[in-house]
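This report introduces a protein structure to a reader who has not met it before. It describes how helices pack and how strands are arranged into sheets.

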Amino acid sequence: MATLVVCLMILLVLFISLVFKVVFDTVLCYLLIPRRIRKIMEKQGVRGPKPRGITGNIHEMFSLISQSTSKDMDTIDHDIVGRLLPHYVKWSKLYGKRFIYWHGIEPRMCLTDTDLIKELMTKHHLVTGKSWLQQQGSKHFTGRGLLMANGQDWYHQRRIVAPAFMGDKLKSYSAHMVECTKHMLQSLQNAVESGKTEFEIGEYMSRLTADIIARTEFDSSYDKGKQIFHLLTSLQHHCAQASRHLCFPGSRFFPTKYNREIKSLKMEVDRLLLEIIQSRKDCVEIGRSSSYGSDLLGILLNEMEKKRADNFTLNLQLIMDECKTFFFAGHETTALLLTWTIMLLASDPDWQEKVRAEVKQVCNGGVPPADQLSKLTLLNMVISESLRLYPPATVLPRMAFKNIKLRDLFIPKGLSIWIPVLAIHHSEELWGKDVNEFNPERFNSKSFASGRHFIPFAAGSRNCIGQSFAMMEAKIILAMLISRFSFTISESYRHAPVVVMTIKPKYGVQVYLKPLDP
Ligand code: HEM
């Protein structure tokens, strides 16, 4: 009897301590830390809209965005900051260039000062990173893969995968890129021969870049990976929706329709990925292959076998998270870059012709060799201008995990810094009066500041690991497309950019394609 009472007492004490800890952590997270950060920032003159309860400024932000994107744009106008970041426009007018707003209980400071941004991204990459809210938002999507990793975990993961994106390894992908593009061009040609004239080119680009990433990084084809891509796309949309409610404590455990669907989609994606991984391991085990291979998946599997001195280990879940990260990051962004570039060239016959002439001269009617791509300077300028006007990633988030000082500005631990890439790329002050015009010529002079005014791939050590891969891919695809077809924008194209994690054309990009004489 006495033992039972003692056990009950211990359980009671444990229960009370647990409740106390939960209450203490909640008060700390929801009240004390935000209040402290607000005071510190106010003292430095950084203010912003008044937050409302635990949702902060989320409602106002989403209502402004849904208003501004409720209609299509009247013409193909590239002045899209007011449409896609209306909250940024409103709050920066009211509170100045540096302002603070609340994404639920997470304080986010908008920073547009390009010198400070450069300092932040180049000097503080190990003490800044992705916030808890962001990590939770993509927990079931890209998990703890490179995109969402922080600190030492990020450092080790980045070191492991970096060789897949460098030097000769990178060049070796060009043959796959050319092969996949030929396949896509043939299917366009077949469709034209069967009488089709109008194409939603975004679909073709999305399929093509998915095929390329599947072949180059995972040695599988799009057809094999098709199911994974479809499931990942649904997962992305569901996670983007669900992350709006993350500010409510425990919301991710609520048995809502979204949460249930997210869990089942995630399980299905993981099951399919596990099949790919298992078949690669089986090949080695039964002796059909002597190694796991040198593509990204091979690199990851080899690493899992190693015992490392630094205690960092890759497990199966992390490999699957990495696969999802690269499937997602490696195809959607590049597909969007290509789609927007085709839209811009289809609306500007002069530039289209100039690029075609350059491609003809450099590639001599054949396919572009990897070592000649740097000679496609006009094409490079067009791609840069497209990335300036429609950067797939509209904002770059960085949370401070330690107090940091950026020149005159003190950033307390726990404050997230939001860099509005789209607004910086469309700043008249930085780019001049023609900022909203498609003018690739501006990239002819070296006066623009790469890594400061132009940051489509971020900057510093935590920049896009696939930048060279994406640029090589974009040049090969555009060079091959432009030498086979001329394209004009269709009357059915409705200009309506929207942001769902990345900038997308709401209804796709419809173009008329006309085959050119060989
Ligand atoms: C036009 C194409 C692309 C654009 C505009 C782009 C843009 C970006 C940006 C802005 C970041 C930084 C995100 C952040 O820190 O919040 C990033 C990171 C990343 N990108 Fe890309 N990307 C592109 C293509 C690719 C490709 C082709 C791959 C892979 C094959 C890739 C893989 C990644 C990965 C893994 C990260 C995380 C890097 C890290 O945190 O260390 N990206 N990308």
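## Helices H15 and H16

In helix H15, the residues Trp351, Lys354, Val355, Glu358 and Val359 meet Leu378, Leu379 and Val382 of helix H16. Sorted by class, the residues of this contact of H15 with H16 comprise 6 nonpolar, no polar and 2 charged.

Two packed helices are described by the angle between their axes and the distance between the axes. For H15 (residues 349-363) and H16 (residues 377-389), the packing angle is about 140° and the axes are 8 Å apart. Angles over 145 degrees would count as roughly antiparallel, and H15 is therefore oblique to H16.

## Confidence of the model

The structure described here is a predicted model. The average pLDDT of the protein is 88, and 92% of the residues score at least 70. For the model, the ipTM is 0.99 and the pTM is 0.90.

## Helices H2 and H4

A further helix pair is formed by H2, which spans residues 58-68, and H4, which spans residues 86-95; the two pack at an angle of about 120° with their axes 8 Å apart. H2 and H4 are therefore oblique to each other.

On the side of H2, the contact is made by Glu60, Met61, Leu64, Ile65 and Ser68, while H4 contributes Pro86, His87 and Lys90. The classes represented in the contact of H2 with H4 are 4 nonpolar, 2 polar and 2 charged residues.

## Helices H14 and H19

Helix H14 (residues 316-346) and helix H19 (residues 467-484) have axes that come within 10 Å and cross at roughly 40°. The two helices, H14 and H19, are therefore oblique to each other. Their crossing is right-handed.

Which residues of H14 meet H19? They are Thr333, Thr334, Leu337, Leu338 and Thr341, and their counterparts in H19 are Ala470, Glu473, Ala474, Ile477 and Leu478. The contact of H14 with H19 has 6 nonpolar, 3 polar and 1 charged residues by class.

## The sheet of five strands

The 5 strands of one open sheet follow the order E1-E2-E8-E5-E3, and their pairing is mixed. Strand E1 (99-103) and strand E3 (128-129) occupy the edges with a single partner strand each, so one side of each has no neighbour in the sheet.

Strand E8 (residues 416-419) pairs with strand E2 (residues 106-110) in the parallel sense, over 3 bridges. Met109 has Ile417 in E8 as its bridge partner, and Arg108 stands opposite Ser416 in E8. E8 also runs antiparallel to strand E5 (residues 396-400), to which 4 bridges join it. Ile417 in E8 is the bridge partner of Arg398 as well.

## The sheet of three strands

In what order do the strands of the antiparallel open sheet lie? The order of its 3 strands is E4-E12-E9. Strand E4 (198-200) and strand E9 (485-489) are the edge strands, each pairing on one side only. On average, neighbouring strands of this sheet are turned by 40° against each other, direction ignored.

Strand E12 (residues 510-515) and E4 run antiparallel and are joined by 3 bridges. Within E12, Gln510 is the bridge partner of Glu200. Helix H9 (residues 174-193) lies across E4, E9 and E12, and its direction makes an angle of about 85° with E12.

How values were computed: Residues numbered from 1 in each chain as written. Predicted model: local features only at pLDDT ≥ 70, side-chain atom pairs only at ≥ 80, totals over all residues. pLDDT = per-residue confidence, 0-100. Pairing = 2+ DSSP bridges. Axes fitted to C-alpha atoms, helices over the stretch in contact; angles between N-to-C directions. Contact = placed C-beta atoms within 7 Å. Parallel < 35°, antiparallel > 145°, perpendicular 65-115°, else oblique. Left-handed = near helix turned anticlockwise from the far one by under 90°. Nonpolar A, V, L, I, M, F, W, Y, C, P; charged D, E, K, R; others polar.
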